[in-house]
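Here is a friendly walk through a two-chain model, written for someone who would rather be at the bench. Keep the structure open beside the text as you read.

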Amino acid sequence: MNFSWTYISAIISSTFRMCSPILLCSLAAAVCSKANVFNIAMEGCMMISAFFAIVVNYFTGGSVILSVLAAILSSMAVSALLAYFIIKLKASPVVVGMAINTTSSGLTTYLMYVFFKTKGLFQRPSLVGLTKVTPFFASWFPELSQMFYGLTYVDYLSWVLAIAVYIFMYKTVLGYRIRAIGINQEAARSLGTPVEKYQFITMTLSGILCGLAGCLLSMGSVTLFIQNITSGKGYIAMTANNLGRSHPIGVALASLFFGICQSVGSFLQQTSLKGQITGAIPYVATILASIVSSIRTKQIKERKIHEAMKKTVERQENAS
Amino acid sequence: MILQMKDIVKTYGNVVANDHVSIDLNEGEILAIVGENGAGKSTIMKILYGLEKADSGEITVWGEKVNFRSPIDAMKHHIGMVQQHFMLFGSMTVTENIVYNNEIAKNGFFDRKANREKVRQLSEKYGLMVDPDAIIDDCPVGTQQRVEILKTLYQDASLIIFDEPSAVLTPNEVDDLLRTLRELAKAGKSIILITHKLNEVMAVADRITVMRAGKVIKTLNRADTNTDELSYLMIGRHTADLQLRPHNPGETLLQVKDLTMGSAAGKKVLNGVNLEVRAGEIVGIAGVSGNGQTELVRCITGLEREYEGSVTVCGHDVSNKGVDTIRQAGLSHIPEDRYVWGSAREASLSDNFLMGEENSEKYSRHGVLKSKQIIEHADKLIAEYSVKVDNSRQKMKELSGGNAQKIITAREIEREVPLTIACEPTRGIDIGAMEFVHERLVNKRDHNGGILLVSSELSEILKLSDRIYVMYNGQLNHEFKHGEVDERKLGKLMLGGKADE
């Protein structure tokens, strides 16, 4: 019994740790799609910010605050560049997004060599990670204290941000205007909203979320930078955004689902299952979730059409 | 006088859209601007609303000379516009749509209650009934239009421009709209109504400005004129009275037998439909839309293949066959919606003319297109149908509705096949283009072609059809010969009434 409680709380803690970067990135994707800009560059933003967090961490002798700041600012810079291309220059968001994702992978590898003269992996004892926090109520349930093992304040923050984004999008005037732009850009423009300005700001600010995700990767459970540290989490976040229909709460649940898949996948590595199979679990889950999501979208659409037809018939019957 | 537009000139390339146009408007007045598509009436209103900039001319609003750069400037001067294509946020509520950009906020938070109350008051004040909490997508078109009107009122507009407001409405909704226009004028709002529907103009306008080919032809008082004079001024000639020459129909071109189709809900959308179209006749199907006409046409043209019963086109059994087979058998189709089915908006005119024919030997060899023949064909049809365009490389979306319809009509009628299905061939197009399309359909009939005409416009059915079927609830219930039935009786039958009532 004791063993299984420990085991479960370890899985839960791992789930939370796996979930937070995905959650932050999918929130970024969600606010962008609410504002009618298609953002697929979370992967790149995250990688750049993870890298600069480590760079600043190393050169300031372990200043966590400055590292987090560097992560946020670098990610915002990348997002602003992306926004400039998509919104100002009207470039295809897919092309620009992919360009940023591949560039950031190459760029970080190159800069790692420039700054640290190493390839592949950079790790130093002088690097300081994010502060790990155990909430005060953890001691009330000794069996479950493992649940909060290794969680940093950014992990907790990601959940607070999910709620904050929800309140911002659905309760404030600004959020309402951003959603309106997403629903009908031309209508918003016709009423005097500087649509491009709103979109540019939304996209740039979404960089903050990816920046936080980035520093979680390089300064969270471990403090280091390796090539391709994001390992496709940005793309999983894209799927989480689809699955959660760009609604902050939906997106949070979808991210949690992917977090569970990742943590279960890594725990099953300790069993006799082949590593290749357990490693594939999160990605297989992504594909399955995408399929389920698109089937559901289709069903909802069909139901809507059906209801609309029924209404028309009723109206005609009433008219006659 | 609250508005004076003087000597406005606007050119696009070498087309003069507005040629020294002058318009004025008094307080509390309804001014109708009538004219055919392309007469320049929309352009002059776009200039007034700040959507376009005039090349020269003067605009004075409430005694102040203005030069609007955007609709925002116009709104600040209390000018609002209800556009033909609504500018609404579909998945938001009525309230959210109306208060946008002028929301009542509490510390940056959207104050749901206060905004809803504001909308309720406004809607009661002007008798424009809406449910503040309804989602726009769930509202009928008439309600959506009321929301657009409320939007302009919320922005405190005193001069409201309506661009073809009745084009999208059902007859009942049109009555409501006309009543609303009168009430708004009574409440002191000044209204400009752009339209080409003369009966609406005669019902509400105080004065009428007629435009043709970019110029103002005349401005008249409603009391001093009538629809005949107006249509003469609009078109520049008297409308021809089209008469069907008696004609003996020949062999059967289209035979539909016991066509039955179910729907997802288990209800029969088509229930044992039998009909026949013979060479040299136009057969009309009258009905309120949604009674199975769309499905019937989809079955005959092969867009729908899951049905029972048989369809024979020119002697070939094409039951449950695909579109291409049926077109090869000898059928052409002018679809109900000119943009959804009829054409590709982003493609050039010559490409649109080619569609469906790209595999024929005339226009391609071994899969390579013969550009010269294609362009020649396009140019020939553009000239023959007098479509107003610069050249055949233009994109479809740059054309007005009437011209787009002419292109589709030209493509389908000029295909050398005996049978044509024409669905709503004149929906939303002006009198000139309508007459032209009618003339072409009759011309095809006189040359021994067969035409199945599906239309919700009764006058069209009555004028053109040698035989008329009435469609109600998935069945063809009644059949009449030309001249045997009138609009009133047909209208009753279309709603499921009995013939002898």
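## The sheet of chain B

Chain B holds an open sheet of six strands, in the order 6-9-10-3-11-12 and with mixed pairing. Before going further, please note that this is a predicted model. The edges of the sheet are strand 6 (79-82) and strand 12 (215-221) of chain B, each of which pairs on one side only. From one strand to the next, the twist averages 20 degrees.

As general background, strands of a sheet pair through backbone hydrogen bonds, either parallel or antiparallel. Which way do strand 9 and strand 10 of chain B run, and how many bridges join them? Strand 9 (residues 159-163) and strand 10 (residues 190-195) of chain B run parallel, joined by five bridges. If you would like to find this pairing on screen, start from B:Leu159, whose bridge partner in strand 10 of chain B is B:Ser190.

Two helices of chain B lie across strands of this chain, as set out here.

| Helix of chain B | Strands of chain B it lies across | Angle |
|---|---|---|
| Helix 6 (residues 171-186) | strand 3 (30-34), strand 9 and strand 10 | about 150 degrees to strand 10 |
| Helix 8 (residues 227-235) | strand 3, strand 11 (207-212) and strand 12 | about 30 degrees to strand 11 |

Strand 3 of chain B appears in both rows: helix 6 of chain B lies across it, and helix 8 of chain B does too.

## Chain A

Now to the partner chain. Chain A has eleven helices and two strands. Along the sequence, these elements follow the pattern α-α-α-α-β-α-α-α-α-β-α-α-α. The radius of gyration of chain A is 22 Å, close to the 20 Å that the globule rule gives for 320 residues, so chain A is as compact as a globular protein of that length. Taken along the principal axes, a box of roughly 80 × 55 × 40 Å is filled by the C-alpha atoms of chain A.

How much of chain A counts as buried? The share is 45% of its 320 residues. For contacts in chain A between residues at least 6 apart in sequence, 76% join residues at least 24 apart.

## Where the chains meet

The contact draws 19 residues from chain A and 21 residues from chain B. On the side of chain B that touches chain A, the elements giving two or more residues are helix 2 (71-76) and strand 8 (109-110) of chain B. Sorted by class, this side of chain B has 13 nonpolar, six polar and two charged residues.

Terms used:
Residues are numbered from 1 along each chain as its sequence is written. Chains are lettered from A and ligands numbered from 1 in the order in which they are written. This is a predicted model: local features need pLDDT of at least 70, side-chain atom pairs count only at pLDDT 80 or more; totals for chains, interfaces and linings use all residues. Helices (H or I, at least four residues) and strands (E, at least two) are DSSP runs, numbered from the N terminus. The radius of gyration is taken over C-alpha atoms; the globule rule is 2.2 Å times the number of residues to the power 0.38. A residue is buried if 20 or more other C-beta atoms lie within 10 Å of its own, exposed if 12 or fewer, and partly exposed in between; C-beta atoms are placed from the backbone. Two residues are in contact if their C-beta atoms, placed from the backbone, lie within 7 Å. Two strands pair if DSSP finds at least two bridges between them. Axes are lines fitted to C-alpha atoms, for helices over the stretch in contact, and angles run from 0 to 180 degrees between N-to-C directions. Ala, Val, Leu, Ile, Met, Phe, Trp, Tyr, Cys and Pro count as nonpolar, Asp, Glu, Lys and Arg as charged, and the others, Gly among them, as polar.
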